[in-house]
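The report below works through one structure from its overall organisation to its side-chain contacts. Readers may wish to keep the coordinates open alongside the text.

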Amino acid sequence: MTGQPPPTAPEPSPYTSASDTSSLEATLHAAGFPVDLLTDEQRLVLGELTAEELILLLDVKSRLDAVGPEVQAHGEIAGGALF
C-alpha cells in the first residue's frame, strides 16, 4: 500500500443510467483512463463493475502510475524487454 486512502468511486447499479455512465466515465477519465478510446463493449463491462471492483481498479491504476517512471526507465534501458 502507498499509505494513501483508497480512491472512492460512485456506486454503480446493475441498471446503469446514462447519467451514471457519464459519472463513471468522468471518474475513470480523472484517474487517467483513456475512456474516449474504449469500445462500446469495454464501456459496458466497466459500467457493470461493482463499487468494490471500481475502487480496486482505481487503486491498482494509481499504484502502477506511482511506479510508472521507474518501470519506463527500465524499459528504455533494457530496450523494452521488461514490464
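In what follows, a residue counts as buried when its relative accessible area is under 20%, as exposed when that value is over 50%, and as partly exposed in between. By this scale D65, at 42% relative accessibility, is partly exposed.

**Overall organisation and confidence**

The structure is a predicted model, in which the protein has four helices and zero strands, so that, by the run-based assignment of such elements, the order along the sequence reads α-α-α-α. Of its 83 residues, 19% count as buried. The accessible surface of the protein comes to about 6100 Å², and carbon and sulfur atoms account for 62% of that area. Among contacts between residues at least 6 apart in sequence, 65% join residues at least 24 apart.

The mean pLDDT of the protein is 75, with 59% of the residues reaching 70 or more. Over residues 10–16 the pLDDT stays under 50, and for this stretch the model has twelve contacts beyond four places in sequence. Where pLDDT is low, the predicted coordinates should not be read in detail.

**The nonpolar core**

Which residues make up the largest nonpolar core? The set consists of L24, L28, F33, V35, L46, L49, L54 and L58, eight residues in all, and the elements that give two or more residues to this core are α1 and α3. One of its members, L24, is placed in helix α1 and counts as buried, with a relative accessibility of 7%. Leaving aside residues up to four places away in sequence, L24 touches L46, G47 and L54; of these three, L46 and L54 are listed in the core as well. Another core member, V35, is eleven residues from L24 along the chain, and the C-alpha atoms of the two are separated by 9.9 Å.

**Salt bridges**

A search of the whole structure finds three salt bridges, which are set out in the table with their nitrogen-to-oxygen distances.

| Salt bridge | N to O distance |
|---|---|
| R43 and E25 | 2.8 Å |
| D59 and R63 | 3.0 Å |
| D65 and K61 | 2.7 Å |

The pair R43 and E25 connects two helices: R43 lies in helix α2 (residues 40–47) and E25 in helix α1 (residues 18–30), so this salt bridge ties together parts that are 18 residues apart in sequence. R43 is partly exposed, at 25% relative accessibility.

The pair D59 and R63 belongs to helix α3 (residues 51–66), where the two residues are four apart and thus separated by about one helical turn. As to accessibility, D59 counts as buried at 11%, whereas R63, at 33%, counts as partly exposed.

The pair D65 and K61 also lies in helix α3, and here too the partners are four residues apart, or about one helical turn. Is K61 buried or exposed? K61 is buried, because its relative accessible area of 17% falls under the 20% limit, while its partner D65 is partly exposed at 42%. Apart from residues up to four places away in sequence, K61 touches A31, G32 and F33, and F33 is itself a member of the largest nonpolar core. K61 thus has both a salt bridge to D65 and a contact with a core residue.

**Surface and loop**

On the surface, L56, V60 and L64 form a nonpolar patch with about 250 Å² of accessible area together. L56, one of these three residues, has its place in helix α3, the helix that also holds the salt bridge between D59 and R63.

Where does D36 lie? The residue is found in the loop between α1 and α2, and with a relative accessible area of 65% D36 is exposed. The C-alpha atoms of D36 and E25 are 9.0 Å apart, the two residues being eleven positions from each other along the chain. E25 is the residue of helix α1 that meets R43 of helix α2 in a salt bridge.

Notes:
Residues numbered from 1 in each chain as written. Predicted model: local features only at pLDDT ≥ 70, side-chain atom pairs only at ≥ 80, totals over all residues. Heavy atoms only, no water. Buried < 20%, exposed > 50% of the residue type's maximum accessible area, 1.4 Å probe, protein only. Contact = heavy atoms within 4.5 Å. Areas by Shrake-Rupley, 256 points an atom, 1.4 Å probe, with all protein chains shown as cover. Salt bridge = Lys/Arg side-chain N within 4 Å of Asp/Glu carboxyl O. pLDDT = per-residue confidence, 0-100. Patch = residues over 30% accessible without salt bridge, like charges linked within 9 Å, V, L, I, M, F, W, Y side chains within 5 Å. Core = buried A, V, L, I, M, F, W, Y, C linked by side-chain atoms within 4.5 Å.
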